[in-house]
Each structure stands twice: as C-alpha cells, then as structure tokens.
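Student: I am new to this structure. Please pick one strand, look at it closely, and then lead me from there to the rest.

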Amino acid sequence: MRKTTKKTMRRLLVGLTAGLALSATAETAQAQEILLTGPLAGAPAVRKLRLYREGRFEVAPAISFTLLDEYQRTILAGARINYNLTDWFAVGLWGGFGALQLNTGLTDRVQDVNDGRREIEAARRAAGGGPSVSSRLTGVNMGPSFEDQVGSIDWVASPQLTAVPFRGKLALFQNVYLDTDLYFFGGLAFVGVSERQECDPGEGKPCTAEESFERESRMALAPTFGLGFSFYVNKWNAIGFEWRGLPFARNTGGFDNHGGGPDSKFPDQRVNADDRDFKFNQMLTISYNFYFPQQYRVSE
Amino acid sequence: MKKRPIGLLVAAALCVCPAAALAQTADEPEAAADGEEVAGDEVPDGEIPDGEIPGEEDLGGTGLGDICQIDPEACPNLDFDKEAAKDLGEQIYAVQQLYALRVRRFEVQPYWATSLNDQFVNHPGPGLALNYYITNVLAVGANFNYYRPFNADSSFNAQVRRAARVGVPLTEYDWGAALNFTYVPAYGKFAGFGDFIFHYDAYVVGGVGAISTRPIPVIDPDNRTFDFEPKLAFNAGIGFRVFFTRWFAAILEVRDYIFSDRLENDDTAILNDPVAVQDKDRWFGDNSLTNAVQAQVGIAIFLPFSFEYRLPK
C-alpha cells in the first residue's frame, strides 16, 4: 500500500513538473505567433491615442481625507494645478487647507477622562485636599481641555512633478467606457502644523501652567509622493482618485514623550522638538479635473 | 525514485526552450513567416533598409525588372515612408475578445494583509482566497486570514497610557474566514509607457464568516487572561487585478471586516475589590462594532491555465 502511494506520488511529481514546463512552452508559442504573423505585427501599441494631457493645463478642485489619525482627522479642501509638458510628464502644485478637523474616538475618550479628573480635583481642593496621584502624574501632559492641545495639519502646499506612465481604458458594466490614466507624483511639501507650544521649567516656562497647553503654528518641510487614477468623463473633464504619503515628525498629542533617560526615550518634563514622533501621514484625495484648452490632440 | 531526476531534467529542458523562443524577434532569419531559410547577409522578411526598393538591383533581370525594361512608366516606384504612414486597415472587431476569461475557472489568491485603520494594533498576516467563477463576472468563494503571530501593539499605546493615564482597550486577532461573492463590473487595459499593454479588472467582494479575537489585557494585566473567541463577521471590499498572463495576475484589495468585538472592561473601580478582579464575567466590558479595514496584496492564479473562447473574434 505504501509502495503504491510512493509510486503515485512520484508519477504525480514528474507529471506536474512536465505539465508546468509544457504550459510555459505553450504561452511562448502564442506570443511568438502574435509577434510574427498577427495583423498588427510591428504596429505601435496604441494608435490615435487621445492626448488628454499634452500641452494642457489641469485645474482640479480636490478634497483630501487624512488616514490613520491618532487624535484628529483633517479634511483638506484645495486644488491641484498642473501644466502637462507632454502626455506623460507634468509640473504643478497641490495645496489645501484644513477645512474640517474632527476628533477621533480616542480624543473624546481622553477628554471625558480628563473632565472627570478635573471635577474630582476641584472637589478635593474645595475639601482642602491636595492634588491626586493621577493629577500629579499627568500635570505636564494634560491641560484643561485635551482636544485643544492636540496637533493638527492646517495647510499643505506642494510643488510636484507628475509622471503618467500608464494610459488605458475601462469598461463599466460593459456599458460605460472611460479613458483612464495612472500617474505617480512626488515633490516637496510645505506643511502648516499647529501643535502644543514648547515649555521648559528651566527657562521659566513651566509645563504645568495652563498657557503652556496652548498651540502655536510652525511650518514643516516634508517629502510627498503618491499615485492616482484619472477617469476622463469627456474631452476636458475627469474624476480623480489619489493616495498621498506625507511623512514628517510632529507631536500629535502635545505630550512629553521623549528627551530624557537612555537614548532620550523617556519624558524629561519639557515639551519641545524632541517630543515629535515620525509619522507616516497619509491621505486620500478625490478631485474633479478641468483641462484647458478644452480640446485635446490625437496622436497618429 | 530513480525516474524523478529524469523527469525533472526533461521538465528543465522544456523550461529552457521557451526562454530561447522568447528572445526571438521578428527580424531573426529563422523567423521568416514562410519557413524558408534566409541567408545571413540578406534582409529579413518585413525589413527594408532606408531608401531601398526590394528588387531594385535586379531590375535588369527577371520579375519586376522585366516590367521595368519593357515599360519604365509601369515600373513600380513606391515611397515606402508614405506607404508606412497609411492606415493599416487592420480588421477591428466590434466586440474584442476579453484577454482572460474567468467563467468556469478557479482562482487561487495567496496574499498578505495589513491593517489600514487600526492605529493601536496592526493586524498583518497571510491569507488565502479561493473563488470559482460561475459566470465571467460572478464568483463564489472563501478566504482565510491568519493573524495570530503577527499582531503588533503600537508604542503609541504605551505613550497614551503613560502621558494621559488612559487605557485604551486593545484587541488582537487569531484568524478570520469567510464565504464570499465576487462581482467584476469593470475591466480595461493600460498601455505602459506607450509600449506594452496589460489588462486589468476591478471587482467588488462581500460575504459572511467569522473572526477570532481576544482583548489584550491593558487595564488589569496582572489578573486577566483572555482566550480567543470567534465572532460573526461580515465583509465587503473592492479589488483591482492586473493580468500578466491569461492565468496569472497581481491583486490589490481593500476589505472591511465588520464584527461586534468584546472589549476589556475599562472600569478601574473594580480593581480595588480583590473578589471582583478574579471574576471572569467582569473582565469583559462593552461590545463595540468594529470595522477592521485591511489592504490585501497578492497574486491570483487561474485554473485551468488555458481556456477556449466560445466564439471566434
């Protein structure tokens, strides 16, 4: 019985290997046939291509949604402006401002706990007691209103280059046919960020003071890159979907996380640039693109 | 066992053959369509040097040369640049054949998944999906995800606990499995760099199954240990498949697994009661509707490898 099983396994293995090899051969023969004798042999991959981009300006009002936010989600309203030097290369600018900033569930939760603690502290003080352990341990990190101390992205402006290596078409429900392209972009982003201002008891700015929890603005520089799809709905309009990465360091919670201990991995009772954590900020963008002039060229 | 090396050698030899054929191009002498051999210094079929007309040197001989000798005005004098610029007049069919038919084929999808919306615990892991296409656009299938050794508790959680003294209930996953329907409403093709063409399709997928999860003890890790428990889970997603051959493709899918998760009890008041902290019924807190959105990147293999079109072009 065991011998038969072994024999069967052996045959199966040989057969499977030979079968795989044969299937590879068949695939090659097919490609050869098209290359040599097909009616389009030697013809370009695409003829009479609609050049939606070449020599045209692109103005694309856009809405961007940040992803994987810890304390605050941002919806940016903005636009992308490109000039397409060729059908596959463009120079331009993307920008947006934080039109809507929404708390995450975590922020609401911390805010609730903080409010509860402050009520208890007020009662203790009224009764002549001192601050609780929680209050003392979180004094540097938790202000009167947590949601007012969390960091936010206020605006972004990014000069960028766009390459469009892929052009194609899409059939939806075998009924609607759209021209599409897939593009990649990269550039340098100027990011307006609000985060908790710096404090240092050694410089007379104690981190437990209420005013130390106020936020201040700064501008960060960050690389930005991503990819997107355009779906052309007519000669001069398209719908766009885009993913963007915007990595840079920021202090999202306004906490004292780093600066002390070995490798500065522990709190140091100060809030400063050391407390910024590198964050791979991401966003999804939906846009409606206008192309000018309204008429496109067609390739040979 | 003695035959195995022979079989493998045969297979290896067969694998080498197509590699040589692939390297063949239209301008190689052996590639002459009529099968005749072409001399080494002759121009291969289909290639014409600039400014030369085939047979021009032989005009005094036979064939075209005879015509030119008898009546020079009738001598064919073609401008090949102009001829090349003319429309090919190739036959274009009203409905082109789809590059890869899916109907009555199995699709095997091994993939790697990673969380897209859980900033507290990342749940990456391998997965496998198996689909059978009942029609060219509709499939039934199943998928399985394995997370257990790969759950990654973010350092951000510890920062929140330390800085704000707020514990966030955390969850880790063990496995997930689901029965699904897949519908392919969109397909298309892309020209890459204006040179090569590849085909793709987009699909929506949805189904029902189970996901096994348990809380990571955060509030009272000294006393609490949790076992994995399966929960009913629904899922919905969209995917994008790029075909490299008629049976091999790459996939990118975003899937939302929706389930009611049992979280750890975050009521710290009971921690002062030595009896209550040992009561397992009080370890669990509220149930929470969870959307575990994950990206799945992998490959798709269609079986059988080949298929036949029902109608000619």
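Tutor: Start in chain B, where β4(B) pairs with strand β6, residues 170–192, through nine bridges. These two strands run antiparallel. Keep in mind that this is a predicted model. One pair gives you a landmark: V140(B) has F181(B) as its bridge partner in β6(B).

Now turn to the other neighbour of this strand. Strand β3 of chain B, residues 125–133, is joined to β4(B) by seven bridges, again antiparallel. Here A142(B) in β4(B) is the bridge partner of L130(B). The two strands make a hairpin, with four residues between them.

Next, look at the side chains. Strand β4 of chain B covers residues 138–146, and its side chains alternate. One face holds A139(B), G141(B), N143(B) and N145(B), which are buried. The other face holds L138(B), V140(B), A142(B), F144(B) and Y146(B), which are not buried. So what should you expect of nonpolar side chains in general? In soluble globular proteins, they tend to be buried together. Set that beside this strand: L138(B), V140(B) and F144(B) are on the face that is not buried, while N143(B) and N145(B) are on the buried one.

Stay in chain B and move to helix α4. Its buried residues are Q159(B), V160(B), A163(B) and A164(B). They line one face of the helix, because they fall within an arc of 100° seen down the axis of α4(B). On the face turned away from them sit the exposed residues S155(B) and A158(B). The cover over the buried residues includes α2 and α3 of chain A. Just past the helix, R165(B) has a positive phi of about 50°.

That cover takes you into chain A. Helix α2 spans residues 105–126 of chain A, 22 residues in all. From first C-alpha to last it reaches 32 Å, close to the 32 Å expected at 1.5 Å a residue. Its buried residues are L106(A), T107(A), V110(A) and N114(A). They fall within an arc of 85° down the axis of α2(A), so they line one face of the helix. The face turned away carries exposed residues, among them G105(A), D112(A), E119(A) and A126(A). What do the buried residues of α2(A) pack against? They meet β3 (72–84) and β4 (89–103) of chain A, together with α4 (155–164) of chain B. Just after the helix, G128(A) takes a positive phi of about 85°.

Both helices feed a shared core. The largest nonpolar core has 12 residues, and they come from both chains. Chain A gives residues including Y71(A), L106(A), V110(A), M142(A) and F255(A). Chain B gives V160(B), A163(B), A164(B), V166(B) and V168(B). α2 of chain A and α4 of chain B each supply at least two core residues. α4(B) gives the most, with three. Take M142(A) as an example of the meeting of chains: leaving out residues up to four places away in sequence, M142(A) touches N114(A) and A164(B). A second, separate core has nine residues, including I153(A), A189(A), V191(A) and V193(A).

Now visit one loop residue of chain A. Q149(A) lies between α3 (133–138) and β5 (152–172). Is Q149(A) buried or exposed? Q149(A) has 24 other C-beta atoms within 10 Å, so it is buried. Leaving aside neighbours within four places in sequence, Q149(A) is in contact with G143(A), R196(A), F213(A), R215(A) and G254(A). T252(A) is 103 residues from Q149(A) in sequence, yet their C-alpha atoms are 8.8 Å apart.

Chain A has strand pairs of its own. Strand β2 (residues 57–67) pairs with strand β11 (residues 277–292) over nine bridges, in the antiparallel sense. There, T66(A) has M283(A) as its bridge partner. Strand β8 (residues 237–250) is also antiparallel to β11(A), with 14 bridges. In that strand pair, R250(A) stands opposite D277(A).

Finally, step back to chain A as a whole. It has three helices and 12 strands. Of its 300 residues, 31% count as buried. Among its contacts between residues at least 6 apart in sequence, 68% join residues at least 24 apart.

Definitions and conventions
Residues are numbered from 1 along each chain as its sequence is written. Chains are lettered from A and ligands numbered from 1 in the order in which they are written. This is a predicted model: local features need pLDDT of at least 70, side-chain atom pairs count only at pLDDT 80 or more; totals for chains, interfaces and linings use all residues. A residue is buried if 20 or more other C-beta atoms lie within 10 Å of its own, exposed if 12 or fewer, and partly exposed in between; C-beta atoms are placed from the backbone. Two residues are in contact if their C-beta atoms, placed from the backbone, lie within 7 Å. Two strands pair if DSSP finds at least two bridges between them. The expected span of a helix is 1.5 Å times one less than its number of residues. The arc is that of the directions from the helix axis to the C-beta atoms. A nonpolar core is a set of buried Ala, Val, Leu, Ile, Met, Phe, Trp, Tyr and Cys residues joined through C-beta atoms within 7 Å.
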